[in-house]
Structure formats: structure tokens, C-alpha cells
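Biologist: I'd like to go through this model with you and ask where your labels come from. Could you put it up first?

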Amino acid sequence: MQNQELLVEHYHKTYDLTFSVWESRNQSLLILLAVVGFSTLLTFNVSEAQPLLVDIIAKLCGIASDNRIKELKKSFPYSVIQSIFIIVVFYLTINLYHKTCFIRRSYQYLSGLETDIRSALNLPTGSVSFTREGDFYNNHRTFSSIMTGLSYVLILGALLVSFLGMRLLNDLHAQDYFILITDTCLTLGILYFFSIYAHASLKK
């Protein structure tokens, strides 16, 4: 009986850890979408995006002088900031991928634990107890849940392609080849981790 209780307790702790990472992954996705969305506005030189960035930085730095803020808006190194945004996007994409992989491994592990628990408790074959993260989930997965995951991947992918493509085009037009090479390497890394994130997120 003690072994059974330890097994169930371990199952609950593993589920709690997996759920906390799942919530963290969702927050990471929203942050990544926000960063990529704003970076896209900056890269496409949307009229209000660049002044808004300066206003945010001025507020964070405690700059209250209107004249100083106007000077910043004229001389602010937007191209450098955009390159920094690529680094941030690179980090967030890797973070999103690793969390997604952890969640998928954890749910596979939970499914195996459910089999062990059912065996230890001698539950009948037709019972649904301790099948929630394994057989029950797989047998009741809805089309809408699949489309929801696909929608997130497509939205993120479209934003990434728009941001990274225009960023590289701007680097090429500026003929700043050092920045172009750096941004190209980061772009390839981002697209690689996004592709394996998409595969990990959408596979059954």
C-alpha cells in the first residue's frame, strides 16, 4: 500500500510541475508575440512606433525634459535597437522551444506513470481512472484544440518572417555588412528553433 501511495504522490508532484511549466510556456509565447509584433512595427518604420519606443525608454530612465526627448527621437540608434530585439527574439524562441519539449516529455512520462498506477491498483481494463493525461486525452482530442495550436504557430511564424525578412533587407540597403552577417546568423537560428518548436508543438 505504501508503494502505491508513493507512486500516486509522485504522479501528483510531476503533474503540478508540468502544469506550472505549461503556464510559464504560455506566458513566454505571449511575450514573444508582443516583442516580435513591436519589432515588426519598428522594422517597417511605422510612424508612431519609433517615438513610442523613445517615450518608453525616457520614462524608464527618468527623463522628463521635452527638449531632451526630442533630441533622443532625432538621434536614437533605432538600427542598433532592432538588432538587440533580434537577440531577444532568439533567446525567447529557444526558451519557448525548450519549455514545449519539457511539457511533451512530462506528459509522456505522466502517461507511463498512469499505466504503472493502474497496474499497481489492479484497476480493470475498461476503467478511466488514471488515464487523463494518456489514453483519455488522446481519445478525446478535439479538432478545435488542434486548430488553436496551429493558429498560434502560424501567427508567430508570419510575424517572425515579416520582422526578420525586412530586417535583413534594411541591413542590405544600409550596406552594413557586419550587422547583416550577424543578423543573418541570428535569423537562421531563430528560424531553426521556431521550426522544431512548431514540430514539437503540433505533433501528436
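What follows is a chat about the labels and the values behind them.

Modeller: Ground rules first: this is a predicted model, where local features need pLDDT of at least 70, side-chain atom pairs count only at pLDDT 80 or more, and totals for chains, interfaces and linings use all residues. Residues are numbered from 1 along each chain as its sequence is written, and side-chain values use heavy atoms, with hydrogens and water left out.

Biologist: How many helices and strands does the protein have, and what counts as one?

Modeller: Seven helices and zero strands. Both are DSSP runs numbered from the N terminus: H or I over at least four residues for a helix, E over at least two for a strand. Along the sequence that reads α-α-α-α-α-α-α.

Biologist: Why is Glu114 called buried?

Modeller: Buried means under 20% relative accessible area, exposed means over 50%, and partly exposed is in between (1.4 Å probe, protein chains only). Glu114 has 2%, so it counts as buried. This residue is in helix α4, residues 78–121.

Biologist: Which residues does Glu114 touch, leaving out those up to four places away in sequence?

Modeller: Tyr11, Phe130, Thr131, Arg132, Glu133 and Gly134. A contact here is heavy atoms within 4.5 Å. Glu114 and Gly134 are 20 residues apart along the chain, with 7.5 Å between their C-alpha atoms.

Biologist: And what makes His10 partly exposed?

Modeller: His10 has a relative accessibility of 34%, which falls between the two cut-offs, so partly exposed is the label. His10 lies in helix α1 and touches Tyr109 and Leu113, not counting residues up to four places away in sequence. From His10 to Leu110 is 100 residues in sequence, but 9.8 Å in space, C-alpha to C-alpha.

Biologist: Why is Leu168 not called buried, then?

Modeller: Its relative accessible area is 22%, and buried needs a value under 20%, so Leu168 is partly exposed. Leu168 is in helix α6. Leaving aside neighbours within four places in sequence, Leu168 is in contact with Leu180, Asp183, Thr184 and Thr187.

Biologist: Which residues of α6 are buried?

Modeller: Gly149, Val153, Leu156, Gly157, Leu160, Phe163, Leu164, Arg167 and Asp171. Over the whole protein, buried residues make up 35% of the 204.

Biologist: How do you know that the length of α7 fits what is expected for a helix?

Modeller: The expected span is 1.5 Å times one less than the number of residues. Helix α7 (residues 177–202) has 26 residues, and its 37 Å from first C-alpha to last is close to the expected 38 Å. For α6, with 32 residues, the reach is 46 Å, close to the 46 Å expected.

Biologist: How do α1 and α6 cross?

Modeller: Two packed helices are described by the angle between their axes and the distance between the axes. Here α1 (residues 2–43) and α6 (residues 143–174) have axes that come within 9 Å and cross at roughly 35°. The axes are lines fitted to C-alpha atoms over the stretch in contact, with angles from 0 to 180 degrees between N-to-C directions.

Biologist: Which residues meet there?

Modeller: Among them are Leu29, Leu32 and Val36 in α1, and Ile155, Leu159 and Met166 in α6.
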